[in-house]
Amino acid sequence: MLSHVLLISVAFDTSEITPCNHNASLCSLDQSALDGSRRLMTQFKHACNRRMLRFLGRIFVSAQTQRSLNPAAVHRCFCSAAYPCLAVKPIMEPKLYRPPPEVRGMTALDKDAFTQTITVPALRVPIGVLNKVVKSLKKSSIQRPGVPRVVQDKEQSSDFRLVLLDPRRVSAPSSFSETEAEALRSFSVSEELHYYELKLTYDNLKSEEVLEAVLPQGQDVTSAFSRVGHIAHMNLRDHQLQYKNLIGQVIMDKNPGVTCVVNKTNIIDSTYRNFKMEVLAGEENMVAKVKENGVTYEFDFSRVYWNPRLSTEHQRVVQLVKRGDTVFDVFAGVGPFAIPAARLGASILANDLNPESYRWLQHNCKLNKVESKVRAFNLDGRAFIRGPLKQELPALMRGTSAVHVVMNLPALALDFLDAFRGLLHHQEPPCDENLPTVHCYGFSKDDDPDTDVVERASRSLGFPLKNRCSVHFVRNVAPNKDMMCVRFTLPKDVLFGSDAEESEPIEEPASKRQKCEETTNAT
Ligand SMILES: C[S@@+](CC[C@H](N)C(=O)[O-])C[C@H]1O[C@@H](n2cnc3c(N)ncnc32)[C@H](O)[C@@H]1O
């Protein structure tokens with residue numbers, strides 16, 4: 001009994017009593033406990049704050065008048081008996097829901113364990129003005145997935161409903177804004193607060209709330225994921241791995257349309273730039289269907305490269321392509337440059353070394369009805385440049401339509417530029433130059449990524465590109481790693497020069513060369 005009284009006192013001192021958590025304390029008090037507590041309190045009165053004693057006394061008197069001592073009744077007593085200043089504090093709860101402590105450490109999801117009843121303030125509103133009042137109280141009413149804002153007023157006549165309010169915003173009639181108070185007056189709705197026991201279940205919680213409740217306290221519970229069609233793709237930290245299946249299930253439950261959650265099990269380092277992944281929850285179907293910039297793609301996400309964060313970059317480059325142009329896509333993947341460019345009326349030669357990418361590229365060409373505009377190849381990038389590209393280029397250079405070469409393999413593409421050296425050196429250079437525009441991607445960890453990628457491209461090409469190219473920052477892929485795109489007109493000297501792959505590429509100051517070499521090794 002003593003502990004009950006102390007429990008309440010401690011809670012007061014620390015302002016911890018809230019609609020969510022004080023029920024738990026007060027529920028544990030039965031009627032005799034309250035009587036006993038009251039007797040005990042008289043013995044403590046010299047030690048206790050007089051205001052607090054008066055307050056507690058009023059609570060107990062009110063509680064004793066209740067027929068059955070249910071948590072809501074106690075809560076109502078609490079709120080109506082409290083001094084205004086104390087009445088405010090219990091409801092100033094930063095979180096609406098405090099999960100039961102038993103869920104902490106759960107590894108297999110038990111949805112029922114999250115069910116909890118909380119007490120929320122409410123207004124009694126006549127049915128005739130209900131819609132208008134709900135509209136006026138948008139900011140103060142409760143907003144939660146699956147929780148009704150209006151409920152039946154069980155104790156009163158059927159002419160009234162209860163509008164449930166958010167206890168974090170409304171703790172007393174004075175909590176309403178001037179506009180809200182004015183609206184209530186105009187609809188003749190009393191500002192008197194009523195209290196309603198609201199059952200919150202797993203379905204009413206957000207994924208962060210569930211994960212925060214389950215994962216060890218103080219540890220990062222970030223539940224970020226990338227969405228690729230029906231697949232949510234996560235990158236869990238070590239401390240989260242123990243909960244991986246639960247996390248997967250929660251992400252699936254809370255995100256409509258996600259029917260499969262995967263965790264990538266290694267960094268993207270394979271030749272084909274695809275992730276190894278483990279299914280955490282849902283179906284094992286890895287064939288995703290996505291829409292990017294209005295184009296539909298299908299592919300097996302576990303076997304090809306796809307990055308939803310590149311959609312703006314794909315669009316940026318495709319916008320530079322005109323009807324009648326030709327695009328050589330050296331590292332085409334499943335077609336996010338090639339297919340939209342083909343849809344614009346360009347002719348495409350698209351290549352990828354990964355047989356799966358090649359297969360899905362062809363599939364996507366059919367899906368988007370551009371198979372007549374796209375020729376697909378399954379070659380190494382250098383072989384593609386020295387084969388199909390070399391074969392087509394002379395004729396294209398005699399024409400007037402633009403020629404683009406897209407090289408999106410940022411870890412390696414700059415090194416592949418050497419394949420252009422002396423590519424056409426046995427041939428006669430055309431009089432009218434219609435030289436290809438190259439869009440070559442590279443990662444950089446350098447403090448000056450623009451200079452870094454230009455220097456590396458120059459070295460690989462054997463031709464100084466400084467002041468002859470433009471550099472575009474694509475995105476930051478890691479804290480100290482940027483993805484860049486160097487755009488330049490492929491120099492005639494490179495294409496028609498003697499095959500210079502083995503020769504020293506460019507005349508750069510020795511210090512710069514050194515820096516270049518170091519950077520290349522580091523990337
Ligand atoms: C970063 S992905 C880019 C795919 C696509 N262009 C995009 O933007 O989504 C690079 C692609 O290059 C392919 N690849 C890797 N090494 C290659 C090589 N040596 N030759 C040709 N393709 C290669 C991979 O299979 C992958 O599809």
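Helix α13 covers residues 355-367. With 13 residues at 1.5 Å each, the helix should span 18 Å, and its end C-alpha atoms are indeed 18 Å apart, so expectation and model agree. The model is a predicted one. This briefing starts with the helix and moves on to the sheet beneath its contacts with β12 and β13.

**Helix α13**
- Six names make up its buried set: Ser357, Tyr358, Trp360, Leu361, Asn364 and Cys365.
- An α-helix has 3.6 residues a turn, so residues three or four places apart point the same way.
- The cover over the buried residues of α13 includes two strands, β10 (295-300) and β12 (347-351).
- Also among the covering elements are α12 (338-343) and β13 (374-377).
- After α13 comes Lys369, with a positive phi near 55°.

**The seven-stranded sheet**
- Seven strands form an open sheet with mixed pairing.
- Their order is β13-β12-β11-β14-β15-β17-β16.
- The edges belong to β13 and β16 (469-478). Each has a single partner strand, so one side of each lacks a neighbour in the sheet.
- From one strand to the next, the twist averages 15°.

**Pairing of β11 and β12**
- β11 (residues 326-329) runs parallel to β12, and four bridges join the two.
- Val327 sits opposite Ile348 of β12.

**Helix on sheet**
- α13 packs on this sheet and touches β12 and β13.
- The direction of α13 makes about 165° with that of β13.
- β12 thus has two roles here: β12 pairs with β11, and β12 is touched by α13.

How values were computed: Residues are numbered from 1 along each chain as its sequence is written. This is a predicted model: local features need pLDDT of at least 70, side-chain atom pairs count only at pLDDT 80 or more; totals for chains, interfaces and linings use all residues. The expected span of a helix is 1.5 Å times one less than its number of residues. A residue is buried if 20 or more other C-beta atoms lie within 10 Å of its own, exposed if 12 or fewer, and partly exposed in between; C-beta atoms are placed from the backbone. Two residues are in contact if their C-beta atoms, placed from the backbone, lie within 7 Å. Two strands pair if DSSP finds at least two bridges between them. Axes are lines fitted to C-alpha atoms, for helices over the stretch in contact, and angles run from 0 to 180 degrees between N-to-C directions.
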